[in-house]
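Me: I'd like a close look at the pocket and what packs around it. Please spell out the cut-offs as you go.

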Amino acid sequence: ASARRLAGQLGARTLEIPAGGKAAYHAAAVMASNFPVALAYAASHLMHSTGIPDRSAQSAVVSLINAAVGNLSNASPVDALTGPIVRGDADTVRKHVETLSGQPELLAVYRAMSEVALRVARERGMDSQTLAAIRSVLGATSRL
C-alpha cells in the first residue's frame with residue numbers, strides 16, 4: 001500500500017500481478033519493450049540491404065514505429081493494426097515471403113508476426129476465405 005501511494009505521488013502507475021503471473025507479465029513486458037527494438041534492427045538492416053543508407057533506413061523505421069505507437073495511443077491493437085494482412089492483401093504477403101526466402105531468420109519473424117496479425121484480422125471480422133488465402137501464402141508454419 002505504501003509503495004502504491006509513493007508511486008502515485010511520483011506520477012507512476014502500479015500494476016498488480018496476480019499470483020503465478022509474474023513470468024507471463026515479464027514475457028509480455030519483454031515483447032512490448034525489447035522486441036520493438038529488435039524488430040527495428042531487423043527492419044533497418046532489411047531496408048539497408050536494398051541499398052538504402054543505414055541512417056535513412058533507421059530513420060524510416062523509427063518513423064513507422066512512431067506512427068504505429070501513435071495509432072495505439074488512440075485505439076486498441078485490434079483497431080490500430082494496419083498493413084497487408086488486415087487489408088486481406090495475400091499477393092503482397094506472397095511477395096514479402098518470396099523476398100525474405102533467402103533470409104530464413106527474418107522470414108521466421110515475418111511468419112510469426114503475421115500469425116498474430118491474422119488473429120487480429122479474424123477478430124476484426126475478416127472472412128475465412130481471405131484468412132485461408134493468406135495462411136496458405138505464409139506456408140505450413142501458420143497454425144491459425
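Reply: Let's sort the residue classes out up front: Ala, Val, Leu, Ile, Met, Phe, Trp, Tyr, Cys and Pro count as nonpolar, Asp, Glu, Lys and Arg as charged, and the others, Gly among them, as polar. This is a predicted model, where local features need pLDDT of at least 70 and side-chain atom pairs count only at pLDDT 80 or more, while totals for chains, interfaces and linings use all residues. Numbering starts from 1 along each chain as its sequence is written, and side-chain values use heavy atoms, with hydrogens and water left out.

Now the pocket. The largest pocket comes out at about 2100 Å³. On a 1 Å grid over the protein atoms alone, a pocket is an open set of points where a 1.4 Å probe fits, with protein on both sides within 12 Å along at least five of seven lines; lining residues have an atom within 4 Å of a point. Its volume is the space filled by probe spheres set on the points, which are joined across faces, edges and corners.

Which residues are closest to the centre of the largest pocket? Leu39, Ala68, Leu81, Thr82 and Met113 are, out of 39 that line the pocket. By class, that lining splits into 32 nonpolar residues, seven polar ones and no charged ones. Plenty of helices chip in: α2 (22-33), α3 (35-49), α4 (54-74), α5 (77-80), α6 (84-87), α7 (90-100) and α8 (104-123) each give the lining at least two residues. Helices here are DSSP runs (H or I, at least four residues), numbered from the N terminus.

Start with two of those wall helices, α2 and α3. Their axes come within 4 Å and cross at roughly 35°; the axes are lines fitted to C-alpha atoms over the stretch in contact, with angles from 0 to 180 degrees between N-to-C directions. On the α2 side you have Val30, Met31, Ala32 and Ser33, meeting Phe35, Pro36 and Val37 of α3. The α2 contact with α3 holds six nonpolar residues, one polar and no charged. Contact means heavy atoms within 4.5 Å.

Next up is α7, where Ala90, Thr92, Val93, Val97 and Leu100 are buried. (Buried is under 20% relative accessible area, exposed is over 50%, and partly exposed is in between, with a 1.4 Å probe and protein chains only.) Looking down the axis of α7, those buried residues fall within an arc of 160°, so they line one face of the helix; the arc is that of the directions from the helix axis to the C-beta atoms. Their cover includes α3, α6, α8 and α9 (128-138). Arg94 also sits in α7, but at 32% relative accessibility it's partly exposed. In space, Arg94 is 9.8 Å from Gly139, C-alpha to C-alpha, though the two are 45 residues apart in sequence.

Helix α9 has its own inward side: Leu131, Ile134 and Leu138 are buried there. Down the α9 axis they fall within an arc of 70°, so they too line one face of their helix. Among the elements covering them are α6, α7 and α8. Turned away from that buried side of α9 are the exposed residues Gln129 and Ser136. Ser136 has a relative accessible area of 59%, yet its C-alpha lies 8.9 Å from that of Ala90, 46 residues away in sequence.

Finally, α8, taken residue by residue. Ser114 is found in α8 and is buried at 4% relative accessibility. Beyond its neighbours within four places in sequence, Ser114 touches Ile85 and Leu138. Val120 lies in α8 as well, and its relative accessible area of 14% makes it buried. Apart from sequence neighbours within four places, Val120 contacts Pro77, Val78, Leu81 and Val86; Leu81 is also one of the residues closest to the pocket centre. The C-alpha atoms of Val120 and Val86 are 7.4 Å apart, with their positions 34 residues apart in sequence. Ala108, another α8 residue, is partly exposed at 45%, and its C-alpha is separated by 9.7 Å from that of Val97, eleven residues apart along the chain.
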